[in-house]
Amino acid sequence: MTNRKTLTILTSLVLLVPALFVSGCTEELSAEEIAEQMQEKEANIQDYSYTMQMTSHYGNQTQESETQILRKNPDKMKTITIKPEEEAGAIVVSDGEFIWAYNPKTNTVTKMEMPETLTQGETDYVGIISDLLNETDISLLGMEEIDGRPAYLLETSLKDEEEGFRFTDGMKLWVDKETWMPLRYEMYDSGGDLMMELEIRDLEINTGIPESEFVFEVPERATVKTVDLDSFELPEEITLEEARESAGFEILVPEYLPEGYAFNYSMVSNESLTVPEEQTLETVILRYENEKGDIISFSETAYEKEVLEFPEAAITNYGENVTINGRDGKYLAFGDMKILKWEIGNIDMILTASLEKEEMLKIAESISEA
């Protein structure tokens with residue numbers, strides 16, 4: 001499974017209504033039978049709401065979050081952040097025409113017209129679960145109760161058809177016997193260590209959520225930024241020489257790479273959905289890959305530090321303190337994915353790979369300021 005597909009599946013699991021088994025039946029079904037049941041059950045779902053509690057494990061530390069979610073088919077959704085406290089009150093609303101994202105900390109609103117390419121067929125649970133079924137092996141472990149509700153306990157494992165980095169190697173899902181909603185899932189890395197837990201509470205289905213829940217009112221004195229998602233495109237893949245000609249700062253490259261890795265491509269971008277137009281931000285991505293498909297990725301971002309302020313990332317709050325050529329840095333392990341962050345001059349450096357900590361530090365220390 002590609003990294004992109006895996007992340008899409010994991011992100012979308014919280015929105016699923018998977019009819020994985022016929023009511024009362026405890027034997028495993030074929031993928032075709034499961035797909036038929038999913039489509040049959042989905043037709044009866046008009047709206048649903050729940051509270052999502054998520055725990056992410058970063059090495060020996062954890063991060064907890066809690067979010068209220070409301071959805072009304074076909075294209076209305078609302079999420080309200082409850083935890084962590086520093087993000088409480090953040091709201092994202094899709095009213096069918098626009099997506100509104102409110103950050104109470106900065107009292108700013110990002111307004112985005114829903115892209116024409118984003119259709120219900122591309123985001124509903126049927127297509128997502130179909131990918132999950134095609135890319136994983138699923139087995140039924142038995143029945144357990146979650147929050148007093150009987151649920152099927154399922155286990156998924158990735159098929160060994162593709163080599164390269166895997167964000168996750170398997171999941172456990174608890175599917176409500178009555179509503180066919182996932183009540184809980186756990187995600188594990190290749191070593192069998194728990195990476196993420198997600199539990200759904202206060203689940204309600206077809207309660208007739210009013211349209212007024214999806215009408216967003218701009219808070220008083222809030223700054224509104226309008227973004228055209230249809231015109232926002234990923235930068236093209238170019239050579240290192242082309243990136244050096246395009247970038248407005250000196251690109252830094254590692255002198256050391258583990259055996260077998262070679263440069264693949266680079267990307268240069270000075271666009272951002274979160275930074276005001278009058279402020280300067282430019283990012284260069286360098287990607288290296290070996291024959292197995294393992295990836296080393298560098299992100300180099302140059303900006304005016306005295307002007308721009310970004311939210312604290314998980315790596316800043318939960319990462320381990322490290323030193324790189326005398327500079328302070330942060331190291332974070334999230335399953336098989338390892339992240340290293342430090343600064344060189346006015347450039348923020350982020351190294352991402354599935355290597356051991358010692359190799360990550362060795363690569364980082366081979367990069368020097370020009």
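How many aromatic pairs does the count come to? In this predicted model, the count comes to 5 aromatic pairs. One of them is formed by Phe263 and Tyr288, whose rings meet edge-to-face, at 5.6 Å centre to centre and with 80 degrees between the planes. This pair links distant parts of the chain, since Phe263 belongs to strand E13 (residues 262–269) and Tyr288 to strand E14 (residues 281–289), 25 residues apart. The two partners can also be described by their accessibility. Phe263 is partly exposed, with a relative accessible area of 32%. Tyr288, at 6% relative accessibility, counts as buried because the limit for that class is under 20%.

**Aromatic cluster and charges over rings**

Phe98, Trp100 and Phe216 form one aromatic cluster. Phe98 has a further partner of another kind: the charged end of Lys111 sits over the ring of Phe98, 4.2 Å from its centre. An arrangement of this kind is also found at Trp174, where the charged end of Arg184 sits over the ring, 5.6 Å from its centre.

**The chain as a whole**

The chain contains 7 helices and 19 strands. Of its 370 residues, 45% are buried. The accessible surface of the chain comes to about 19,400 Å², and carbon and sulfur atoms account for 44% of this area. Among contacts between residues at least 6 apart in sequence, 54% join residues at least 24 apart.

**Strand pairing**

The table lists pairings of strands E10, E11, E15, E18 and E19, together with E1.

| Strands | Sense | Bridges |
|---|---|---|
| E1 (residues 47–58) and E11 (residues 194–205) | antiparallel | 8 bridges |
| E10 (residues 182–188) and E11 | antiparallel | 5 bridges |
| E15 and E19 | antiparallel | 6 bridges |
| E18 and E19 | antiparallel | 7 bridges |

Strand E11 thus has antiparallel pairings with E1 and with E10. Towards E1, Met52 stands opposite Ile200 in E11. Towards E10, the bridge partner of Tyr185 is Leu198 in E11. The hairpin of E10 and E11 has 5 residues between the strands, and Gly192 in this hairpin takes a positive phi near 85 degrees.

Strand E19 likewise has antiparallel pairings with E15 and with E18. Opposite Leu351 in E19 stands Phe298, while Lys341 stands opposite Ile350 in E19. The hairpin of E18 and E19 has 2 residues between the strands; here Gly345 takes a positive phi near 65 degrees. Why is E19 described as largely enclosed by the rest of the structure? The description applies because 5 of the 7 residues of E19 are buried.

Ser299 gives a residue-level view of the surroundings of E15, the strand in which it lies. At 16% relative accessibility, Ser299 counts as buried. Not counting residues up to four places away in sequence, Ser299 touches Thr283, Val284, Ile285, Asp348, Met349 and Ile350. One of these contacts, Ile350, is the residue of E19 that Lys341 stands opposite.

**Helix H7 and the segment after it**

Which residues of helix H7 are buried? In this helix, which spans residues 357–365, they are Met360, Leu361, Ile363 and Ala364. These residues cover an arc of only 160 degrees around the axis and therefore lie on the same side of H7. The buried residues of H7 pack against five strands, listed here with their residue ranges: E15 (295–303), E16 (320–324), E17 (327–334), E18 (337–344) and E19 (347–353). Among these are E15 and E19, which pair with each other, and E18, which also pairs with E19.

Ser366 is found in the segment after H7. Is Ser366 buried or exposed? At 12% relative accessibility, Ser366 counts as buried. Leaving aside its neighbours within four places in sequence, Ser366 is in contact with Val253, Pro254, Glu255 and Tyr256.

Methods
Residues are numbered from 1 along each chain as its sequence is written. This is a predicted model: local features need pLDDT of at least 70, side-chain atom pairs count only at pLDDT 80 or more; totals for chains, interfaces and linings use all residues. Side-chain values use heavy atoms; hydrogens and water are left out. Buried means under 20% relative accessible area, exposed over 50%, partly exposed in between (1.4 Å probe, protein chains only). Helices (H or I, at least four residues) and strands (E, at least two) are DSSP runs, numbered from the N terminus. The arc is that of the directions from the helix axis to the C-beta atoms. Contact means heavy atoms within 4.5 Å. Rings of Phe, Tyr and Trp (its six-membered ring) pair if their centres lie within 6.5 Å; planes under 30 degrees apart count as stacked, over 60 as edge-to-face and the rest as tilted. A charge sits over a ring if NZ of Lys or CZ of Arg is within 6 Å of the ring centre and within 35 degrees of the ring normal. Accessible areas come from the Shrake-Rupley method with a 1.4 Å probe; for residues, only the protein chains shown count as cover. Two strands pair if DSSP finds at least two bridges between them.
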